[in-house]
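Here are some short exercises on rings and charges, each with a worked solution. Have the viewer open and follow along.

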Amino acid sequence: MSWAKSITLIFSAAIMANSALAQEKPPLLPESTVSALAQELSGETAKRNLEFLARLHRQRGSRQFHAAAEFIAAQAKSYGLEDAHIEQFPTGSKRFYGTQKARMAWDADFAELWELRWEKGRWVPAERLADWDAMPITLAEDSESADVTADLVDVGDGTAEGDYAGKDVKGKLVLVAAQPGEVQRLAVDRFGAAGIISYAQNQRTAWWGEDENLIRWGHLSSFPATTTFAFMVSLKQAREFRRRLARGETIRFHAVVRAGQHPGNYDVVTATIPGADSVLKEKEIVFSCHLDHQRPGANDNSSGCVAILEVARAFSKLIAEGRIPRPARTIRFVWPPEIEGTMALLNGRPDLVPRMQAVIHMDMVGGAPATKAVFHITRSPASLPTFIDDVAEAFGDFVNRETYVFAATGKAAYPLVAPEGGKEPLRAQFSEFTPGSDHDIYCEGSFRIPAIYFNDWPDRYIHTNLDSAANIDPTKLLRAAFLGAASGYFLANFSVSDVPAVFQTIQSRSLFRVSTMLRRRDQLAGYDAFSLTRDEVQYEQDVFQSISRFVQIPSTASTEASTFFESLQSLGRMASVDWPHAAGDGGLVFTRNPEPKGPVSGHFGYDYFLDRYGEEKAAKIRLLKQGSIYNREADYPYEVLNFVDGHRTAQQIRDAVSAEYGPVPLDLVVEYLKALESIGIVRSGR
């Protein structure tokens with residue numbers, strides 16, 4: 001096919017896509033269904049549930065997490081869901097769920113930090129600076145019981161030996177700028193500090209350090225050599241301490257902590273809406289979130305929990321009233337502790353994995369304007385091409401358009417505005433895969449369950465005392481719930497008759513992705529430019545073929561798709577390409593071992609790769625430090641392992657991750673794969 005004809009086809013498809021986007025008719029679902037969802041879903045109902053969860057300090061395995069789980073299960077039952085119950089998976093440092101070492105449960109009963117004042121020949125309490133009952137975020141997670149009176153020593157960041165030079169911290173409290181867990185081995189294990197006071201700041205965004213009164217959620221090691229405790233204070237308070245210490249003043253504290261790790265369980269709440277089709281009901285569309293986090297933890301992640309709970313309530317009520325049909329496939333709702341609960345569920349209940357066809361994951365979906373949050377509809381990784389991302393983006397386009405028209409004119413068919421919420425347009429961003437929540441687990445190469453990820457980022461109040469219900473917008477909750485409900489309900493009913501509409505959606509989204517690829521190709525030359533184009537075109541074909549995970553693709557649709565993708569393939573016909581040699585390590589083929597399942601990079605207190613390979617050796621693995629040239633968050637190690645399938649060569653894996661994140665040398669990929677082989681994750685051959 002000629003280049004001119006290819007461009008004509010692409011241009012025609014672009015006109016068709018833009019025309020489709022210009023229509024006011026909702027995509028993919030009957031308007032009656034869209035209208036029923038828009039009318040029934042309630043941002044206020046979601047926020048009332050959120051206000052209860054935000055009262056609880058929901059640490060894994062804790063009493064307050066269990067209270068939250070019981071609340072969710074009770075609400076699900078009251079809404080009419082079936083089989084609403086709490087799955088329990090025992091914790092303990094000798095137990096593994098795949099690659100996740102199970103952390104002990106942790107609870108606190110009491111914690112106070114008092115500054116003392118010298119008065120009449122003795123030290124007396126002067127000011128209470130931290131109080132578990134009033135603000136549990138002031139006590140770092142995994143603190144252990146203590147009753148200590150000690151002076152304060154400023155050690156700066158506290159993460160390097162030089163920070164302690166010339167300072168006697170034995171038996172003292174150290175004031176540090178880093179997270180407590182980052183300084184624990186030096187400050188406590190090596191230099192004998194009695195405890196830690198940290199003023200660690202939030203993730204770096206445009207608002208980093210702007211609010212000096214924020215108190216950040218702190219963490220100690222979940223598997224410590226020496227137990228200790230840590231309190232968290234604001235930047236404003238820490239600066240005052242530092243000024244006083246610099247003047248030579250003695251600052252003495254009395255710290256009392258009654259807390260610690262103990263045997264317990266990961267509680268995972270689950271409930272279902274059974275499918276109506278006698279065959280398809282054995283397949284499931286999963287709504288996922290994570291129920292844990294510090295109090296208040298409103299946007300992160302009470303918001304995702306109540307959004308999917310509201311989807312469950314609306315579905316159940318609409319089905320009972322006959323306003324929408326019962327879905328063909330079963331819809332499952334899951335509320336676990338983040339990452340480790342999902343790992344426990346998928347490893348502890350392997351019977352569920354083949355049932356799960358797609359996941360809609362919500363983690364931070366309710367941030368009001370004060371949070372500075374930007375809402376994202378995030379795709380599955382390039383290692384798992386899937387049309388479900390395009391389904392979510394089609395509904396995202398629709399909500400973006402409708403909410404903007406309403407904001408600009410005061411009138412729209414589907415404004416999706418809650419009576420107690422804001423009226424700003426949603427302006428959802430369509431984002432390539434970024435890691436950091438439970439969608440990582442579903443999409444990982446052990447499970448390969450595609451996941452749509454709805455999330456806010458940045459959020460100026462994440463993991464702080466101001467991540468509160470006051471900073472949650474009911475309108476935002478309503479819109480997130482609508483996007484999840486529309487996407488999930490469509491997928492739960494997806495049939496052969498839906499393939500033409502989905503293919504049209506794929507075409508329109510594909511053109512946006514190809515345009516991004518062409519901009520990136522301008523930065524490259526030779527083989528890297530060629531392989532980027534080739535892999536992008538292959539990705540688009542694989543997105544279309546992923547429909548077969550749900551239904552058999554009709555021959556007419558396959559013929560249409562062949563014509564479209566042939567036009568894209570002409571983009572990859574580039575002259576003067578220097579092909580790399582297939583010999584040597586580039587020709588190695590790696591196969592993933594069936595056990596253990598899950599990502600090997602660490603989440604939540606444990607890193608399988610560092611533990612098994614060794615931290616000193618791991619520090620020399622260059623791929624772990626590789627960054628993207630595309631100005632986006634990259635996770636080369638995660639995707640390198642995901643692309644291992646027993647067929648791709650190391651060169652092909654290198655090309656695939658290079659297309660996703662930017663060029664990376666082959667030897668970095670091979671070095672990492674051989675490291676994985678040495679700890680039994682993969683095996684190699686030719």
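Buried means under 20% relative accessible area, exposed means over 50%, and partly exposed lies in between, using a 1.4 Å probe and protein chains only. The model is predicted, so local features need pLDDT of at least 70, side-chain atom pairs count only at pLDDT 80 or more, and totals for chains, interfaces and linings use all residues. Residues are numbered from 1 along each chain as its sequence is written, and side-chain values use heavy atoms, with hydrogens and water left out.

**Exercise 1.** Classify the ring pair of Tyr 164 and Phe 191, and say how exposed each residue is.

*Solution.*
- Start with the rule: rings of Phe, Tyr and Trp (its six-membered ring) pair if their centres lie within 6.5 Å; planes under 30 degrees apart count as stacked, over 60 as edge-to-face and the rest as tilted.
- Apply the rule: the centres of Tyr 164 and Phe 191 are 4.9 Å apart and the planes are at 25°, so this pair is stacked.
- Check exposure: Tyr 164 has a relative accessible area of 4% and is buried, whereas Phe 191, at 27%, is partly exposed.
- Widen the view: the structure holds 30 aromatic pairs.

**Exercise 2.** Which residues do ring pairs link into a cluster with Trp 335?

*Solution.* Phe 287, Phe 315, Phe 333 and Tyr 489 join Trp 335 in this cluster.

**Exercise 3.** Find the rings under the charged ends of Arg 204 and Arg 509.

*Solution.*
- Set the test: NZ of Lys or CZ of Arg must be within 6 Å of the ring centre and within 35 degrees of the ring normal.
- For Arg 204, the ring is that of Trp 208, with its centre 3.7 Å away.
- For Arg 509, the ring belongs to Phe 430, with its centre 4.7 Å away.
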